[in-house]
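Biologist: Please take me through one helix packing in this model, close up. Then set that packing in the context of the core and the aromatic side chains around the fold.

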Amino acid sequence: MTTPTISQRRYSGVSADERRAQRHERLLQAAYEVFGVHGYRLTTMRLICAQARLADRYFHEHFATVHECFKHVHDRTTMDVSMAVEEAIRSLPPDLLTRARGALQTFFEQIRQDPRRARILIQDASNSGLTAEDRVAQQYAFIVDLLRARFRQKYPALQGYPNIDLIISGCIGMVSHTTMLWIERGFDLPVETLIDHNLYAWTGLDQWLSSANATALQKTA
């Protein structure tokens, strides 16, 4: 008979690996609360451990630094919002502007529903040192891929100019900046107002790209 390893031994029916996973989850939930309430710059390991009701040594069992912990919380929060946006997009007809409206509505509602989420994803993403490229890659990767595929399907004659990736990044930057102002002003505008003002740019973009695509098709005819 083999002797069970430390990770296999069970206390009160729970193995060491299971207890470790539970501590990790408690720390992440506590960190979400602390980062969301106090902000990145004021958050410390002690605050997170106090919120989780765990000794400091357990923090280092999972995270090397507070910044690493923030990245885990940021990634999880990003995933939650992205899944909600993806579900909304896939439930709509494959029209670019219809899906853009649905994605914007879901995104703004997700941000408004929880001020902690707003701080972590929008306000503190730059304070934490995440680059603009990192933030776009993490927060909007699915949306970028979906838009790129949709743009190429709708405007097939555009080969390299205008640059679709730059256009998408610009639109996402506009949404991010609009959201930042909205948060700082205490969510003072209805979600529909934010959607409409962002869609003005999307509508104009659609007209511009449709015209450019028609011109390109005429040249190849």
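Modeller: Start with two helices of this predicted model. Helix α5 spans residues 96–113 and helix α9 spans residues 191–220. Their axes come within 10 Å and cross at roughly 150°. The crossing of α5 past α9 is right-handed.

Now the residues. On the α5 side, the contact uses Leu-96, Leu-97, Ala-100, Arg-101, Leu-104, Gln-105, Phe-108, Glu-109 and Arg-112. On the α9 side, they meet Val-191, Glu-192, Leu-194, Ile-195, Asp-196, Asn-198, Leu-199, Trp-202, Thr-203 and Asp-206. By class, the residues of this α5 contact with α9 are ten nonpolar, three polar and six charged.

Helix α5 has other partners too. Thr-106 sits in this helix. Its relative accessible area is 15%, so Thr-106 counts as buried, the cut-off being under 20%. Beyond its neighbours within four places in sequence, Thr-106 touches Ala-84, Val-85 and Ala-88.

Next, the core. In soluble globular proteins, nonpolar side chains tend to be buried together. Here the largest nonpolar core has 33 residues. Phe-107, Phe-108, Ile-111, Phe-151 and Trp-202 have the most contacts inside it. Two of these names are already familiar: Phe-108 in α5 and Trp-202 in α9 both take part in the helix contact. At least two residues of this core come from each of α4 (66–90), α5, α6 (115–127), α7 (132–154), α8 (164–184) and α9. Helix α8 gives the largest share, nine residues.

Look at Phe-151 in more detail. Setting aside neighbours within four places in sequence, Phe-151 contacts Leu-96, Ile-164, Ile-167, Ile-168, Trp-202, Leu-205 and Leu-209. Of these, Leu-96 and Trp-202 also belong to the contact between α5 and α9. There is a second, separate core of 19 residues, with Leu-28, Tyr-40, Cys-69 and Phe-70 among its members.

One position in α8 is worth a check. Asp-165 lies in that helix. With a relative accessible area of 35%, Asp-165 is partly exposed. From Asp-165 to Phe-151 is 14 residues in sequence, and 9.9 Å in space from C-alpha to C-alpha.

Then the aromatics. The whole structure holds seven aromatic pairs. One of them joins Phe-35 and Tyr-40, with ring centres 6.3 Å apart. Their planes lie at 15°, so this pair is stacked. Both Phe-35 and Tyr-40 are buried. Trp-182 and Phe-187 make an edge-to-face pair, at 4.8 Å centre to centre and 90° between the planes. Trp-182 has 2% relative accessibility and is therefore buried. Phe-187 has 23%, so Phe-187 counts as partly exposed. These two rings join Phe-107 and Phe-108 in one aromatic cluster. Phe-108 thus links three topics: the helix contact, the 33-residue core and the aromatic cluster.

Last, the whole chain. Its secondary structure amounts to nine helices and two strands. Along the sequence the order is β-β-α-α-α-α-α-α-α-α-α. Of the 221 residues, 39% are buried. Among contacts with a separation of 6 or more, 67% join residues 24 or more positions apart.

Terms used
Residues numbered from 1 in each chain as written. Predicted model: local features only at pLDDT ≥ 70, side-chain atom pairs only at ≥ 80, totals over all residues. Heavy atoms only, no water. Axes fitted to C-alpha atoms, helices over the stretch in contact; angles between N-to-C directions. Helix = DSSP H or I, 4+ residues; strand = E, 2+ residues; numbered from the N terminus. Left-handed = near helix turned anticlockwise from the far one by under 90°. Contact = heavy atoms within 4.5 Å. Nonpolar A, V, L, I, M, F, W, Y, C, P; charged D, E, K, R; others polar. Buried < 20%, exposed > 50% of the residue type's maximum accessible area, 1.4 Å probe, protein only. Phe/Tyr/Trp six-rings, centres within 6.5 Å; stacked < 30°, edge-to-face > 60°. Core = buried A, V, L, I, M, F, W, Y, C linked by side-chain atoms within 4.5 Å.
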